[in-house]
Amino acid sequence: MTIPTANLERERLLQLAEEYRNKGYEIFFHPNSEDLPHFLRNYRPDMIVRKGDEAVIIEVKSRSSLNSSSRQYLQNLAQSVEQHSGWRLELVMTNPEDYVYSPQTENSLQAPEIKTKLQVARQLVIQHPESAILYSWSLVEATLRLIAEHEEISLQGLDPLYLVKQLVTKGVISRPEYQLLMDALSLRNKIAHGFKTSQSASEFAYQIINATEELLKTLDVDVKGC
């Protein structure tokens, strides 16, 4: 018998509440707008847990309940939360039909291949900097998936924004790296969708390439040596 998605999400939410309660957090289910800080007044979180100066907004979703509207909602919520110290967003996927994404099963690029392609990206910057940004971003994503695998982080999707946020939330990438990647993603999206950019494409392309090389080093890859 198939369990309704809403029931699965509710059961998972209750499990999380119990886990956080056992850790000493105070639990708030579906808080009303008047109980939320100003920057959350336009949202309806599934749950907020608090302990001391730490506050965690928890959203439980299943793949079937995620559509373009809910994805935009979560993206806006994440952007709002990022701007407030002490707050973080935890997105929990639940559904037996959901798959847990495995980089290996997706035949993702491996570190030596990324390293080689980064050199191609450097050459591309000289004459086609915007193309270099698009190409480099694909290498960023492949690198981040490898890091997630290396850190044994289970990924529930391929969305790059989700991937970057997962890694910074887990403390795998630093805040400066996170900000650079977010800027890179924004620029990549502008280029991919035919918008003009006000930034120096060449300079930023090199920043993305350099950042990717640094990230590869976290995998004990000797990028410079090959």
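1. A residue counts as buried when its relative accessible area is under 20%. Keep that cut-off in mind, and start with Leu-40: its relative accessibility is 0%, so Leu-40 is buried. One thing to remember as you read on is that this is a predicted model.

2. Where does Leu-40 sit, and what does Leu-40 touch? Leu-40 belongs to the loop between strand 1 and strand 2. Setting aside residues up to four places away in sequence, its contacts are Ile-48, Ile-57, Leu-77, Val-81 and Trp-87. Try finding Ser-80 as well: Leu-40 and Ser-80 are 40 residues apart along the chain, yet 7.6 Å separates their C-alpha atoms.

3. Now step back and look at the whole protein. You should be able to pick out seven helices and four strands. Reading from the N terminus, the order of these elements is α-β-β-β-α-β-α-α-α-α-α. The protein has 226 residues, and 44% of them count as buried. Here is a figure about how the chain meets itself: take the contacts between residues at least 6 apart in sequence, and 61% of these join residues at least 24 apart.

4. Next, the aromatic rings. How many aromatic pairs does the structure hold? There are three. One of them is formed by Tyr-20 and Tyr-25, an edge-to-face pair with 4.9 Å from centre to centre and 90° between the planes. Both partners are buried: Tyr-20 has a relative accessible area of 7%, and Tyr-25 has 11%.

5. Another pair is made by Phe-39 and Trp-87. Their ring centres are 5.3 Å apart and their planes stand at 90°, so this pair is edge-to-face. Why does the pair tie together parts that are 48 residues apart in sequence? Because Phe-39 lies in the loop between strand 1 (26-29) and strand 2 (47-51), while Trp-87 lies in strand 4 (residues 87-93). Phe-39 is buried, with a relative accessible area of 18%, and Trp-87 is buried too, at 15%. You have met Trp-87 before, among the residues that Leu-40 touches.

6. Let us turn to a pair of helices. Two packed helices are described by the angle between their axes and the distance between the axes. The axes of helix 4 (residues 129-150) and helix 5 (residues 160-169) come within 10 Å and cross at roughly 45°. That angle makes helix 4 oblique to helix 5. As for handedness, the crossing of helix 4 and helix 5 is left-handed.

7. Which residues meet where helix 4 and helix 5 are in contact? Helix 4 brings Trp-137, Glu-141, Leu-144, Arg-145 and Ala-148, and helix 5 brings Pro-160, Leu-163, Val-164 and Leu-167. Sorted by class, this contact of helix 4 with helix 5 has seven nonpolar residues, two charged ones and no polar ones.

8. Finally, stay with helix 5 and look for Lys-165, which has its place there. Is Lys-165 buried or exposed? With a relative accessibility of 14%, Lys-165 counts as buried. Leaving out neighbours within four places in sequence, Lys-165 is in contact with Ala-78, Glu-82, Tyr-178 and Met-182. Have a look at these partners in the structure above, and trace each one back to its place in the sequence.

Notes. Residues are numbered from 1 along each chain as its sequence is written. This is a predicted model: local features need pLDDT of at least 70, side-chain atom pairs count only at pLDDT 80 or more; totals for chains, interfaces and linings use all residues. Side-chain values use heavy atoms; hydrogens and water are left out. Axes are lines fitted to C-alpha atoms, for helices over the stretch in contact, and angles run from 0 to 180 degrees between N-to-C directions. Helices (H or I, at least four residues) and strands (E, at least two) are DSSP runs, numbered from the N terminus. Angles under 35 degrees count as roughly parallel, over 145 as roughly antiparallel, 65 to 115 as roughly perpendicular and the rest as oblique. A crossing is left-handed if the near helix is turned anticlockwise from the far one by less than a right angle, and right-handed if clockwise. Contact means heavy atoms within 4.5 Å. Ala, Val, Leu, Ile, Met, Phe, Trp, Tyr, Cys and Pro count as nonpolar, Asp, Glu, Lys and Arg as charged, and the others, Gly among them, as polar. Rings of Phe, Tyr and Trp (its six-membered ring) pair if their centres lie within 6.5 Å; planes under 30 degrees apart count as stacked, over 60 as edge-to-face and the rest as tilted. Buried means under 20% relative accessible area, exposed over 50%, partly exposed in between (1.4 Å probe, protein chains only).
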